[in-house]
Amino acid sequence: MQIKANHLTYTYMKNTPFETNAIDKLDLMIPGEQFTSIIGHTGSGKSTLVQHFNGLLKPTDGSIKIGEWTVKSDTKQKLLYPLRRHVGMVFQFPEHQLFHETILADVAYGPMNFGFSKEEAEKVAKECLANVGIDDQLFDRSPFDVSGGQMRRVAIAGVLALDPELLILDEPTAGLDPEGQEMMMKLFHDWYEEREERSIILVTHQMEDAARYSDEVIVMDGGNVIDRGTPRQIFAKKAELEKIGLTVPESVQLLEALQAHSESELNTSAFTLEDTVESILSFLHKKGRD
Amino acid sequence: MTNDIHVDHLYFRYHEQAPYVLHDISLTVKQGEWLTILGHNGSGKSTLARFFNALHVPKEGKVISCGIDTKHANEWVNIRRQVAMVFQNPDNQIVAPTVEDDVAFGLENAGIPYEEMHERVYRSIERLGLRGLETQEPHRLSGGQKQRVALAGALALRPKVIVLDEATSMLDPTGRIEVLSMVEKLRKEENITIITITHDVTEAMLADRIIVLHEGSMAYEGTPDEILSDENALRKVGLRAPFIVQMANELKRQQVPLPNGVLSHEELVTSLCKLKPIT
């Protein structure tokens, strides 16, 4: 699903002395069917921006087009309803959105709300719960009676149950341990790969995730997009990123340090353990030929 | 050296039929030490931290904080003043409309006279590098700044121990470095004992000593060098070794002759540059 922001401005606390533009006259196009990451310092406007993508926020000025829906400051709330069916949103602590008595009912709530019968909704809910790795023995338990990691997966199943085309992830792995983070990112990536028309927009502080999973990385600062490109292009700009309070993935930090210390050229855009090892091995081989 | 925290055969469960959340924990934390309690989500590490300042009180076993047995309810206020805590979510622990009021909040509750309170608040603000932000609204600060406000509030109480319960896990990388370097400074210059609760192995590298919790029991104890270089042991308890350790191990598997115990970027880079070329 393609996104197009046209002179988008969002002002917090308008008409008060505290008035600030979180987003400032932004023009931006994000193509559909790709995995896009948005990185930026705390307060750079990235969360405010993505909340426009499913109509949670309406622009103060300008407009935003998501697929076939256009949202402006005076767009009626009713028109945002179908948009939210197609754009799923996972917040930082999605488990805070759980509310039903049983896990199954919680996940089936969304589809029922959008007109599915109880049977249909439960069928979809069961499939989604299985996909996120929740055992059917837990279906009748209270969502508040399982572990934190399980609660988060139930909440995510609830978002996936609406079968969105575009999934917005706002720091979905915050607070999880490394194993949990890895599992969660894999789950999202598998969902994305499953069907051609699906897109993901990930807001993250984890440069490793942005580098590893994205087709494109968008860099925000001060309410505007200041750069965009493939992970390879973006994470080759260590100095520029550090200036706006960001870092490059640890693998890139290591390879750049090695490059500087050894005064020889090597491939520094490696984002996985395997690629980093390979780059170091070829550096050691090259040393032999010099 | 005196001990600030002493835990003796502590067991804990939420009610009598429930399984044990903490199982036979014994540990001491020396004055001026930095101890990290490392464990995955649900390992019991945050529950354990709550015993240090009498937010939980043992039914089985014993906890002595700053020389006082935490079972005495009349000492709880006193203990909590000496063992300060900073929690994960900065937004949940800020209470006042301005930075200076927030830092003063704990002191007001403790009934400190105005003159002294004033002096302590501004000293703490100064120490945490928050000068110029005194009259700002805490909610408009960055995550790293908010956690420094929380730390300043803790410092103003003149505690012997500061416990940081996942206090950097919601911050971006710069905010994390900002807070941890302040913690290091407080330990060095104020001789405050630091206990950090985390699943972040990079943060654990800063400690003098690490205790790894797994399913409510103490799985390992040692220096960062000992604990963090053992990739398999960490994997067994649901943790990951630091990236550099994983790299060094993988290179060794590929027949690159690296020395043991490589933990930092600098060490790995220097070792690699010293190696004979592969031909």
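**How the labels were assigned**

Modeller: In this predicted model, the C-alpha centres of domain 1 of chain B and domain 2 of chain B lie 36 Å apart. Residues are numbered from 1 along each chain as its sequence is written, while chains are lettered from A and ligands numbered from 1 in the order in which they are written. Local features need pLDDT of at least 70 and side-chain atom pairs count only at pLDDT 80 or more, whereas totals for chains, interfaces and linings use all residues, and side-chain values use heavy atoms, with hydrogens and water left out.

Colleague: How do you know where domain 1 and domain 2 of chain B begin and end?

Modeller: The bounds come from an automatic or database domain assignment, which gives 3-225 for domain 1 and 242-279 for domain 2 of chain B.

Colleague: What makes strand 2 and strand 5 of chain A edge strands?

Modeller: They belong to an open sheet of four strands in the order 2-1-4-5, with antiparallel pairing. Strand 2 (20-30) and strand 5 (69-71) of chain A each have a single partner strand, so one side of each is left without a neighbour in the sheet. Strands here are DSSP runs (E, at least two residues; helices are H or I, at least four), numbered from the N terminus.

Colleague: How do you know that strand 4 and strand 5 of chain A pair?

Modeller: Pairing needs at least two bridges found by DSSP, and three bridges join strand 4 (residues 61-66) to strand 5 of chain A, so the two strands count as paired. Within strand 5, V71(A) is the bridge partner of I64(A).

Colleague: Why is the aromatic pair of Y81(A) and F114(A) called tilted?

Modeller: Rings of Phe, Tyr and Trp (its six-membered ring) pair if their centres lie within 6.5 Å, and planes under 30 degrees apart count as stacked, over 60 as edge-to-face and the rest as tilted. The whole structure has nine aromatic pairs over all chains; for Y81(A) and F114(A) the centres are 5.2 Å apart and the planes make 40°, so this pair is tilted.

Colleague: What makes the pair of F12(B) and Y14(B) edge-to-face?

Modeller: Their centres are 5.0 Å apart, and the planes make 75°, so the pair falls in the edge-to-face class.

Colleague: Is F12(B) buried or exposed, and which word fits Y14(B)?

Modeller: Buried means under 20% relative accessible area, exposed over 50%, and partly exposed in between (1.4 Å probe, protein chains only). F12(B), with 13%, is therefore buried, whereas Y14(B), at 54%, counts as exposed.
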